[in-house]
Amino acid sequence: MDADNSLPLSGMSVVELGNIVSAPFASLLLADLGADVVKVERPGTGDIVRNTGDSGEAIINAYNRNKRSLTLDLKTDAGRSAYHELAGDADVVIENLGPAVVERLGIGYDDLRERNPELVYLSIKGFHEGPYGDRPGMDMVAESMSGLVAMTGRPGEDPVRVGTSIADIGAAMYGTIGILIALRERDRTGEGQRVDASLFESAAQWMGYWATYADMVGDDHPPLGSSHPSFALYDIFETDAPDERVFVGVTSERHWPAFCRAVDRTDLLADERFETAPSRIENQEALVDEVGDELRTWDRDAVVDALLEENVPVAPVNRPSDLLSDEHLEEADVLTTVDGTHRGERRRLRTVQTPIRGDRISTEQRLDPPALGEHSRAVLREAGYDEETIATLFEDGVTDEPEQN
């Protein structure tokens, strides 16, 4: 594939053997920055989420942009040989298969580095090595075991999953950091290395200050809902339209009088219950009730504008669909459009690019999400296979491509 030399990772070759979110998200970060990513998938079925309904298709469309799809049956000698050929010329391999799967197939790091000692190999699993190392991992397992679910939701209610695959994405981001560190070290030493990232440990670090809190005070903090124990006023409120909510964050002594001015409630400044930050925390329930009654009389856009005028932290509580027409995301050139697939039909779809920017760093949408096996023939040619051998691979079911209409 011809490289776009204007992008920072142009010329980097990446092989992704991934399913669902974590490995695909890691390779997407590199692809958006210019890397040539070949996504290796199982013939006939492909990435698991290709066949899991609308939400699965959304993952394919959003997180598999800027990649090419090659199908290989890795249970065959010919499929494994082709995979070794690809990895032999790659800078990076990324996989998130189950524990010991790649070793059992003979395509793990130790197998690949014999031919390519400069290879940087990212393996994303549920857990690092240890007592849990052989357990199957998934996003909700990591959220549950890390304490993240227990801290999400409201006191007295059931624990709640975060509204995106946050542990998967976190492991992918840590893994990508590891890849870039390993590549930097390869520049010095000429040697590649294995990088390990995991869902559980990633989520556990994010819960680090709550673990420290429990160690300090001898007990866990209850779930927060939308509040924060260090601040009051800090919560989500209804406005005059019950389905249009707003977040308000009063986190300093300057914010409180500014908030009162903005909503024309300077009378609250004379209430000794709300006079200082400690007194507002002590009387938080009464404060939330008082402010809640007030904000239910306001139009959401009006209260957002009024608080921003006073430089008080405030935000509308958006839905994901609101992002698609967000003027800031548009101006920042973060929204992008792809020819995706929905229920068997090609559609023009909007999604969000990797938001990394710098003086000489940019991202670009170059390739639409691939159909399963869309680039099998081209990638095999690039790997050095002649037409006769490629034809045999197709005949034997080692690889496939979409049917031509």
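Visitor: Is M216 buried or exposed in this model?
Guide: Exposed is the label for a residue over 50% relative accessible area, and buried is the label for one under 20%. This is a predicted model, and in it M216 is found in helix 9, residues 208–217. M216 has 64% relative accessibility, so M216 counts as exposed.

Visitor: How many Å separate the C-alpha atoms of M216 and E331?
Guide: Let's stay with M216 of helix 9 for a moment. Along the chain, M216 and E331 are 115 residues apart. In space, their C-alpha atoms are separated by 45 Å.

Visitor: On to charged pairs, then. Which residue meets E16 in a salt bridge?
Guide: Start from the strands: E16 sits in strand 1 (residues 13–17), and its partner is in strand 3 (residues 67–71), 51 residues apart. The N to O distance for the pair is 2.8 Å, inside the 4 Å cut-off for a salt bridge. The partner is K67.

Visitor: Are E16 and K67 buried or exposed?
Guide: Remember that the cut-off for buried is under 20% relative accessible area. E16 comes out at 0%, and K67 also has a value of 0%. Since both values fall under the cut-off, E16 and K67 are buried.

Visitor: Which residues are linked with E16 and K67 in a network of salt bridges?
Guide: The E16–K67 pair already joins strand 1 and strand 3. That pair belongs to a network of salt bridges with two further members. They are K39 and D47.

Visitor: How many Å apart are the closest N and O atoms of K125 and E95?
Guide: K125 is in strand 5 (residues 120–125) and E95 in strand 4 (residues 92–95), so to speak 30 residues apart along the chain. Both residues are buried. Their salt bridge has its closest N and O atoms at 2.8 Å.

Visitor: What about R319 and D243: buried, partly exposed or exposed?
Guide: These two form a salt bridge with the closest N and O atoms 3.9 Å apart, and the cut-off is 4 Å. R319 lies in the loop between strand 9 and helix 14, and D243 in the loop between strand 7 and strand 8, 76 residues apart. Relative accessibility is 42% for R319 and 48% for D243. Values between 20% and 50% get the in-between label, so R319 and D243 are partly exposed.

Visitor: How many salt bridges does the structure hold?
Guide: We have met several, including E16 with K67, K125 with E95 and R319 with D243. For the structure, the count is 29.

Methods. Residues are numbered from 1 along each chain as its sequence is written. This is a predicted model: local features need pLDDT of at least 70, side-chain atom pairs count only at pLDDT 80 or more; totals for chains, interfaces and linings use all residues. Side-chain values use heavy atoms; hydrogens and water are left out. A salt bridge is a side-chain nitrogen of Lys or Arg within 4 Å of a carboxyl oxygen of Asp or Glu. Helices (H or I, at least four residues) and strands (E, at least two) are DSSP runs, numbered from the N terminus. Buried means under 20% relative accessible area, exposed over 50%, partly exposed in between (1.4 Å probe, protein chains only).
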